[in-house]
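The following exercises concern the internal spaces, cysteines and selected buried residues of one protein model. Each task is followed by a worked solution.

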Amino acid sequence: MNRRSFFHVTTSAVVACALPRAQTRSTPSRPRPSPSQLAWQRDEFALFLHFGVNTFTDREWGDGREDPSIFSPSALDARQWARAARNAGARALILTAKHHDGFCLWPTRTTGNSVAASPWRAGQGDVVREFVEACRAEGLKAGLYLSPWDRNNPVYGDSPKYNDLYCDQLSELLTRYGPITEVWFDGANGEGPNGKRQIYDWPRFFGLVRKLQPNAVMFSDAGPDVRWCGNEKGTAGDPNWSTVNPDAVPFPGADGPSIIDALQHGDRDGTVWRPAEVDVSIRPGWFYHPAEDERVRTVDNLEALYFSSVGRNGKLLLNVPPTRDGLLHPTDVARLAQFRARLNSVFQRDLARGARRTSSVITPGRAELELDLGRRVTVAVARLEEDITRGQSVARYTLYGATDGEWRVLSHGSTIGYAKLDLFEPATVRRVRLAVEDAAVVPQVIGIKLY
């Protein structure tokens, strides 16, 4: 059967590769992102804010016995958080509305362990409200993390009662503050103050979010919309499929020898779309600790995190914890701004823009795309992109470059997905060729940007 090549012209070197119509109809469909998942991935970069009683006890995990009166930030300014995030190029923020210690950053009716029992704002404050309003004022999306583990609440471990209470807390957060774009769960589970272990009703929790905030994406080990990448080092898997087998990680906190592998790499033959979120902290800890003021990540390290998260088909969620004053530390704010300046410098000019492009399908699993840049340029970074509105297909590729002579390898890799960033030794080229050597289905649209 004959195959054909054709041109797909855009301003950013995006080229379409397709089979003839008769074959395209028989191509098996691949999972695709929902509009909310697509918007989530296109944001690329968000900030996480761990803040609560641990900030004042200098601990990472509270034990639930903290006196709410210790929560007393002297100069809390959520607009400062949001401005720093916006200046860093983040498009969303996620706040720890409640961590494992059970202290709630909003005045909840479900427990006395909240800001209402603290001296902050004379007991009339609401960190969640100030956070959400600051996000909206700065044009950012707001997300919330509600820890399922509660080391303070006496009904934790009485599974039906605590599940009711937890749903009441979710309902408060998802009905009082307007649109929430991401609801962040983990599977943390331990003994409560009554010595009992809790069985979470995850289907009920997920269903409640769908009902109250239908446009929000839900993060956890098991999704259902976004999965954990399997580590807190800032490194997505390679390969990294956005498709997964939902049975591989059946619920948040599930344990087993294959869990981390499934989280890291996804599944080429997976039946649902569940991309990876890469969470990592700008400091060694997740909450603010004065002793870590000189241990903030460098700009070089933050750039490397971007390449190993967004550059591996993930989304970067960078934790930047507020201080006891209720402000982001000046060092952290400066480092975020420097990080954005570095990315702007690296990706300032796409050298492939306006290139003449040709593409061809060789077999159902192989295709080639060639760009003629029209001039010699020196390149050191390639950004490859699939049109994920059509799904993800590329499993192995090689990128070549040439001037007027023979082709030489610039980079090679496995999956592409939303974005794959390849960093290589600077090379002078006039032409580049992307050879897709293996694909789950015929690659439909692939973009190449060069820097």
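**Exercise 1. Characterise the largest pocket by the class of its lining residues, its volume and its centre.**

Solution. The model is a predicted one.

Step 1. Sorted by class, the lining of the largest pocket comprises 11 nonpolar, five polar and five charged residues.

Step 2. The volume of this largest pocket is about 460 Å³.

Step 3. In total, 21 residues line the largest pocket, and those nearest its centre are Trp61, His100, Asp186, Ala188 and Glu232.

**Exercise 2. Describe the second largest pocket, and determine which element gives the most to its lining.**

Solution.

Step 1. The second largest pocket has a volume of about 290 Å³.

Step 2. Its lining is made up of 16 residues, and Glu44, Arg91, Tyr306, Arg340 and Arg383 are the closest to the centre.

Step 3. Two or more lining residues come from each of H2, helix H10 (330-346) and strand S13 (366-386). H10 gives the most, with three residues.

Step 4. By class, the lining of the second largest pocket has eight charged, six nonpolar and two polar residues.

**Exercise 3. Establish whether Asp43 is buried or exposed, and identify its contacts.**

Solution.

Step 1. Asp43 is located in helix H2, which covers residues 35-43.

Step 2. The relative accessibility of Asp43 is 7%; buried means under 20%, so Asp43 counts as buried.

Step 3. Setting aside residues up to four places away in sequence, Asp43 touches Arg91, Lys141 and Lys315. One of these, Arg91, is also among the residues closest to the centre of the second largest pocket.

**Exercise 4. Count the cavities of 30 Å³ or more, and describe the lining of the largest cavity.**

Solution.

Step 1. The count gives one cavity of 30 Å³ or more.

Step 2. The space in the largest cavity amounts to about 30 Å³.

Step 3. The largest cavity is lined by Phe51, Gly52, Val53, Asn54, Thr96, His99, Asp101, Phe103, Leu105 and Phe287.

Step 4. This lining divides into five nonpolar residues, four polar residues and one charged residue.

**Exercise 5. Locate Gly102 and describe its surroundings.**

Solution.

Step 1. Gly102 belongs to the loop between strand S3 (92-98) and helix H5 (127-137).

Step 2. With a relative accessibility of 1%, Gly102 counts as buried.

Step 3. Beyond its neighbours within four places in sequence, Gly102 is in contact with Asn113, Asp150 and Asn152.

Step 4. For the pair Gly102 and Asp150, the separation is 48 residues in sequence, while the C-alpha to C-alpha distance is 4.7 Å.

**Exercise 6. Determine how many disulfides the model contains, and explain why Cys135 forms none.**

Solution.

Step 1. A disulfide is a covalent bond between the sulfur atoms of two cysteines. The criterion applied here is a pair of cysteine sulfur atoms within 2.5 Å.

Step 2. By this criterion the model has zero disulfides.

Step 3. The cysteine sulfur closest to that of Cys135 belongs to Cys104 and is 19 Å away, so the two are too far apart for a bond.

Step 4. Cys167 is likewise in no disulfide, with the nearest cysteine sulfur, that of Cys104, 14 Å away.

Step 5. As for accessibility, Cys135 counts as buried at 0% relative accessibility, and Cys167 counts as buried at 5%.

How values were computed. Residues are numbered from 1 along each chain as its sequence is written. This is a predicted model: local features need pLDDT of at least 70, side-chain atom pairs count only at pLDDT 80 or more; totals for chains, interfaces and linings use all residues. Side-chain values use heavy atoms; hydrogens and water are left out. On a 1 Å grid over the protein atoms alone, a cavity is a set of points where a 1.4 Å probe fits but cannot get out, and a pocket is an open set with protein on both sides within 12 Å along at least five of seven lines; lining residues have an atom within 4 Å of a point. Grid points are joined across faces, edges and corners, and a volume is the space filled by probe spheres set on the points. Ala, Val, Leu, Ile, Met, Phe, Trp, Tyr, Cys and Pro count as nonpolar, Asp, Glu, Lys and Arg as charged, and the others, Gly among them, as polar. Helices (H or I, at least four residues) and strands (E, at least two) are DSSP runs, numbered from the N terminus. Buried means under 20% relative accessible area, exposed over 50%, partly exposed in between (1.4 Å probe, protein chains only). Contact means heavy atoms within 4.5 Å.
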